Each structure stands twice: as C-alpha cells, then as structure tokens.
Amino acid sequence: MVDTATVVETPSAGHVPSVHSPKPGEHDWTYTGLSNEKLAMWTFLGTECLLFGGLISTYLLYKTRVPDTLPVEQQVAPADLYDIPFTSASSFILLMSSLTMVLAVAGISRGDHRQTRTWLLATAVLGGIFLAGQVYEFTAFVSEGMGFTTNVAASAFFTLTGFHGVHVSIGVIMLMSLLAMSLRGKLPSSKADTVEIVGLYWHFVDVIWILIFTVVYLIP
Amino acid sequence: MSSDTATTATTADPGAIPGDEAHEAHHPTDASYIKIALVLALITAAEVGTYYVPGLEENTPLLLLVLLPMMVVKFTIVARSFMHLKFDNPLFTRVFLGGLILATIVWLITLATFQFF
C-alpha cells in the first residue's frame with residue numbers, strides 16, 4: 001500500500017500542495033504552482049462580474065422608465081409581463097445543471113469516463129432547456145407588444161437577459177465539445193483540469209442567474 | 001508529519017495528474033454534492049414562495065430583507081462547494097472576490113450617481 005500511495009500534506013490555509021509538484025522545466029510547472037489556465041479563468045470570471053454588474057445596474061435604473069409620452073401600446077414594462085412560475089422552473093433547471101456539472105468534474109477526476117460523459121450530456125441538455133425557456137419568454141414578450149426597442153426598460157431587460165443567454169449558449173457549445181472529445185478518446189483523466197475550467201464557467205453562469213432571478217424577477 | 005495533518009490517497013488512474021489525488025481527497029463525494037443541491041433547491045423554493053405571500057410584494061423593504069440573504073447564501077454555496085473555492089488555493093478566491101467587490105462598488109456608485117436610492 002505504501003508503494004502505491006501518495007502522501008500529501010494538508011496545509012492550514014486550505015491549499016493542497018503535493019510532494020509531486022512539477023519542478024522548473026517540467027511540463028506542468030508554473031511560477032505560482034497553480035494551473036495557469038485555471039487562474040486565467042478565475043481572472044476572466046472576475047472581469048465578468050464587472051460586465052454583469054454594469055448590466056444589472058443599468059436595468060435597475062431603467063426598469064420603470066416607460067415615458068407617458070410614448071404611444072399606449074409601447075407603455076409596457078418588463079415587470080408587467082413576468083411569468084414567475086415559468087421563470088422559477090427555468091431557474092431550478094439551471095441550478096440543477098450545476099449539480100450535473102460538478103458530478104461530471106468528479107467523474108473525470110476519478111477516471112470514470114462513462115459518468116463524465118453522462119453528466120456532461122445532462123448538463124448540456126439542461127442548459128438547452130433553459131435556453132429554450134428563454135426563447136419562449138422572449139417570444140411571449142414580443143407577442144405581448146414588448147420588443148427590444150419598445151422602450152428603454154425593455155431594452156435594458158433584453159440586453160441583460162440576452163447577454164446571459166449568450167453566455168449559456170457558449171457554455172452549451174463548450175460542453176458539447178468536451179463530450180465529443182471524450183467520445184473520441186481525446187479527454188483522458190490527465191485533462192481533468194479542462195473539464196473543471198469549463199465547469200467553473202458553467203457555475204459562474206449559474207451564480208449570475210441566481211442574482212438576476214432575485215434582483216430582476218422577484219424584487220418588484 | 002503527524003497522522004492528523006496527512007492524507008493518504010491511492011493513485012486510481014495512471015493518467016491522472018500528480019497531485020490530483022490530494023485535490024480529490026478534499027472534495028465532497030457525489031452524495032454530498034446531491035445534498036448541497038437539495039439545499040439550493042429548498043432555498044430556491046423559499047425564494048419563489050415569497051411571490052405567493054399576500055402583501056409581501058408591496059412591502060419592498062421586508063422583501064429585500066428576506067430575498068437578499070437567500071440570494072447571497074445560494075451564491076456562496078455554489079461558489080464555495082461547486083466551484084471548489086472552499087478547497088482550492090486562496091488565490092483563486094482573492095482574484096474572483098476582487099472582481100466581485102469592484103463590480104459591487106461600481107454598481108453602487110452608478111446607482112447612487114443616478115439617485116436610485
């Protein structure tokens with residue numbers, strides 16, 4: 001058992017170094033001792049907070065700005081059309097996709113490729129259902145008379161939720177790419193970091209929706 | 001190295017990155033992830049439940065008092081457990097929190113500038 005075991009230390013700060021940390025010049029060596037790709041993704045997600053912070057604050061500023069001077073058919077605010085039960089179901093689906101994503105990451109960390117593929121597919125399908133729900137919601141709003149240019153409140157709403165939808169779409173594409181790589185045998189356990197990095201992006205999309213759902217939909 | 005500060009992990013996959021054994025040993029099991037998701041689902045149900053409480057929609061301060069903490073708890077649970085900030089190097093937390101705090105400050109300044117409050 002001793003021959004096949006790897007002994008690692010558990011530091012006080014939660015960081016888990018290993019006695020097998022790559023040395024300078026070795027393939028996986030980095031100056032910080034951390035994965036550069038993962039650090040880059042976290043930095044990117046930090047900047048994404050600024051993007052969505054700007055979009056959410058813009059929506060909050062403009063959500064009630066539906067001027068009386070507009071024709072009556074254009075005096076429709078997003079909050080007048082929200083279907084909370086429907087959006088709640090969409091939110092729940094996106095939340096559960098975070099569970100399937102973390103199970104995919106756990107699967108590849110263990111070298112269980114079947115579980116990885118199953119959960120990657122499940123995550124992509126749940127993301128697709130969320131997107132379908134968003135398309136349905138947008139279509140319903142347009143048919144009710146609230147298009148992108150109807151008024152400034154509608155523009156702010158569509159810009160915010162549309163940007164989020166684009167992020168979900170990119171996430172689904174990345175998930176499907178990972179699934180295709182796995183099916184072609186190009187996603188070995190040594191590339192577990194790749195799945196984890198895509199997972200970070202996916203979870204971020206989920207946490208942003210947690211904010212949007214509460215701030216935009218539930219708080220009047 | 002005392003036994004309580006050391007973890008012994010076996011190498012399950014020859015292709016695994018060295019050090020991942022330690023990474024994995026400190027992560028929750030699948031069952032734990034499912035339990036965390038159930039907690040998140042319950043909080044979401046409670047959030048949606050506020051929509052059906054008569055009179056609560058008109059009482060915005062009370063609604064904020066109820067909804068904002070639940071939102072923060074959900075955000076924190078996903079970031080710490082599902083995004084592994086709880087188990088990973090603290091530098092990742094600092095980088096992400098840096099962006100988040102900066103965004104919140106910019107957000108509040110923008111809203112204050114336009115007299116939102």
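Which hand does the crossing have where α4(A) passes α5(A)? I started the notebook with that one, and I found a left-handed crossing of α4(A) past α5(A). Note to self before going on: this is a predicted model.

**Entry 1: chain A in outline**

I went through the secondary structure of chain A and got 6 helices and 1 strand. In sequence order I read the pattern β-α-α-α-α-α-α. Chain A has 220 residues, and I have 42% of them down as buried. I also looked at contacts in chain A between residues at least 6 apart in sequence, and 74% of these join residues at least 24 apart.

**Entry 2: α4 against α5 in chain A**

Back to the pair I opened with. Helix α4 of chain A covers residues 113–143, and its axis comes within 9 Å of the α5(A) axis. I have the two axes crossing at roughly 155°. That value is over 145°, so I can call α4(A) roughly antiparallel to α5(A).

Next I listed who touches whom. From α4(A) I noted, among others, A:His113, A:Thr116, A:Arg117, A:Leu120 and A:Leu121. Further along α4(A), the contact list includes A:Gly127, A:Gly128, A:Phe130, A:Leu131 and A:Gln134. On the α5(A) side I picked out several partners, including A:Thr161, A:Gly165, A:Val168, A:Gly171, A:Val172, A:Leu175 and A:Leu183. Sorted by class, the contact of α4(A) with α5(A) comes to 12 nonpolar, 11 polar and 1 charged residues.

**Entry 3: α1 against α5 in chain A**

How far apart are the axes of α1 and α5 in chain A? I get 9 Å, for α1 at residues 36–62 and α5 at residues 152–183. The packing angle is about 160°. That makes α1(A) roughly antiparallel to α5(A). I wrote down a left-handed crossing for α1(A) and α5(A).

The α1(A) side of this contact is A:Leu55, A:Ile56, A:Thr58, A:Tyr59 and A:Tyr62. They meet A:Val152, A:Ala153, A:Ala156, A:Phe157, A:Thr159, A:Leu160 and A:Phe163 in α5(A). By class I have 10 nonpolar and 2 polar residues where α1(A) meets α5(A), with no charged ones.

**Entry 4: a stop at A:Gln115**

I clicked on A:Gln115, which is in helix α4 of chain A. Is A:Gln115 buried or exposed? I find 16 other C-beta atoms within 10 Å, and 20 or more would be needed for buried and 12 or fewer for exposed, so A:Gln115 is partly exposed.

Leaving out residues up to four places away in sequence, I see A:Gln115 touching A:Leu103 and A:Gly107. I also checked the spacing to A:Leu50, 65 residues away along the chain, and the C-alpha atoms are separated by 35 Å.

**Entry 5: chain B in outline**

Over to chain B, where I get 4 helices and 1 strand. The order along the sequence is β-α-α-α-α. Of its 117 residues, 25% are buried. For contacts in chain B between residues at least 6 apart in sequence, I have 39% joining residues at least 24 apart.

I then looked up how chain B is divided: domain 1 takes 27–86 and domain 2 takes 87–117. The C-alpha centres of these two domains of chain B lie 20 Å apart. Each side gives 4 residues to the contact, 4 from domain 1 of chain B and 4 from domain 2 of chain B. On the domain 1 side of chain B, I sorted the touching residues into 1 nonpolar, 2 polar and 1 charged.

**Entry 6: positive phi in chain B**

Where does B:His84 sit? I place B:His84 in the loop between α3 (60–82) and α4 (90–113) of chain B. It caught my eye with a positive phi of about 65°, although B:His84 is not a glycine. B:His84 has 21 C-beta neighbours inside 10 Å, so I count this residue as buried.

I noted B:Gln115 as well, a residue other than glycine with a positive phi near 55°. B:Gln115 is in the segment after α4 of chain B. Here I find 7 other C-beta atoms within 10 Å, so B:Gln115 goes down as exposed.

Note on methods: Residues are numbered from 1 along each chain as its sequence is written. Chains are lettered from A and ligands numbered from 1 in the order in which they are written. This is a predicted model: local features need pLDDT of at least 70, side-chain atom pairs count only at pLDDT 80 or more; totals for chains, interfaces and linings use all residues. Domain bounds come from an automatic or database domain assignment. Two residues are in contact if their C-beta atoms, placed from the backbone, lie within 7 Å. Ala, Val, Leu, Ile, Met, Phe, Trp, Tyr, Cys and Pro count as nonpolar, Asp, Glu, Lys and Arg as charged, and the others, Gly among them, as polar. Axes are lines fitted to C-alpha atoms, for helices over the stretch in contact, and angles run from 0 to 180 degrees between N-to-C directions. Helices (H or I, at least four residues) and strands (E, at least two) are DSSP runs, numbered from the N terminus. Angles under 35 degrees count as roughly parallel, over 145 as roughly antiparallel, 65 to 115 as roughly perpendicular and the rest as oblique. A crossing is left-handed if the near helix is turned anticlockwise from the far one by less than a right angle, and right-handed if clockwise.
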